[in-house]
Amino acid sequence: MIKEKIKVNNRSYDVTMNEQTHMYAMRLRRLYQQSYSDMDSFDEVSSEISNTVSNLLKHSVSPEVREDDMDGVVQQLLKMYEKTTKK
C-alpha cells in the first residue's frame, strides 16, 4: 500500500493506492486507450471511464475531490500507478 499527499489547485488530498485502487487505475488506463481506438463503442467506453473514475476517486482519495480538481487528481493517480508498475 502506498500513501501520498498530492496538491491540485492549491488543495491537498491524501491518496492511498492499494490493490483495489491499483486495479481501477489499470482499468482506467486501458479504457482511455480503447476510447481512442474504437470510435464505434465510444459512448459505452465513456460511460465505463466515468464509472471507473468515480470508483477510483471514492476509494483512493480524501477528502472528496472537488469538481474543478478532478482532472488533475486523476492525472496524478495515473502517474502514481505508472510509477508502481515500473518497479
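Tutor: Before we look at this predicted model, one definition helps: two strands pair if DSSP finds at least two bridges between them.

Student: OK, so how many bridges join strand 2 to strand 3?

Tutor: Strand 2 and strand 3, the latter covering residues 61–62, are joined by 2 bridges and run antiparallel, and within strand 3 it is Val-61 that stands opposite Val-15.

Student: And what about strand 1 and strand 2, in which sense do they pair?

Tutor: They pair in the antiparallel sense, with 7 bridges between residues 2–8 of strand 1 and residues 11–17 of strand 2, and Val-15 of strand 2 is the bridge partner of Glu-4. The hairpin they form has 2 residues between the strands, and Asn-9 in that hairpin takes a positive phi near 50 degrees.

Student: What order do the strands have in the sheet?

Tutor: The sheet is open, with 3 strands in the order 1-2-3 and antiparallel pairing. Strand 1 and strand 3 each have a single partner strand, so at these edges one side of each is left without a neighbour in the sheet.

Student: Which helix packs on the sheet?

Tutor: Helix 3 does, touching strand 1, strand 2 and strand 3, and its direction makes about 145 degrees with that of strand 1.

Student: Switching topic, which residues have the most contacts inside the largest nonpolar core?

Tutor: That core has 23 residues, and those with the most contacts inside it are Leu-57, Val-61, Val-73 and Leu-77. Helix 3 supplies the largest share of this core, 6 residues.

Student: What does Leu-57 touch?

Tutor: Leaving aside residues up to four places away in sequence, Leu-57 touches Val-65, Met-70, Val-73, Val-74 and Leu-77.

Key
Residues are numbered from 1 along each chain as its sequence is written. This is a predicted model: local features need pLDDT of at least 70, side-chain atom pairs count only at pLDDT 80 or more; totals for chains, interfaces and linings use all residues. Side-chain values use heavy atoms; hydrogens and water are left out. Helices (H or I, at least four residues) and strands (E, at least two) are DSSP runs, numbered from the N terminus. A nonpolar core is a set of buried Ala, Val, Leu, Ile, Met, Phe, Trp, Tyr and Cys residues joined through side-chain atoms within 4.5 Å. Buried means under 20% relative accessible area, exposed over 50%, partly exposed in between (1.4 Å probe, protein chains only). Contact means heavy atoms within 4.5 Å. Axes are lines fitted to C-alpha atoms, for helices over the stretch in contact, and angles run from 0 to 180 degrees between N-to-C directions.
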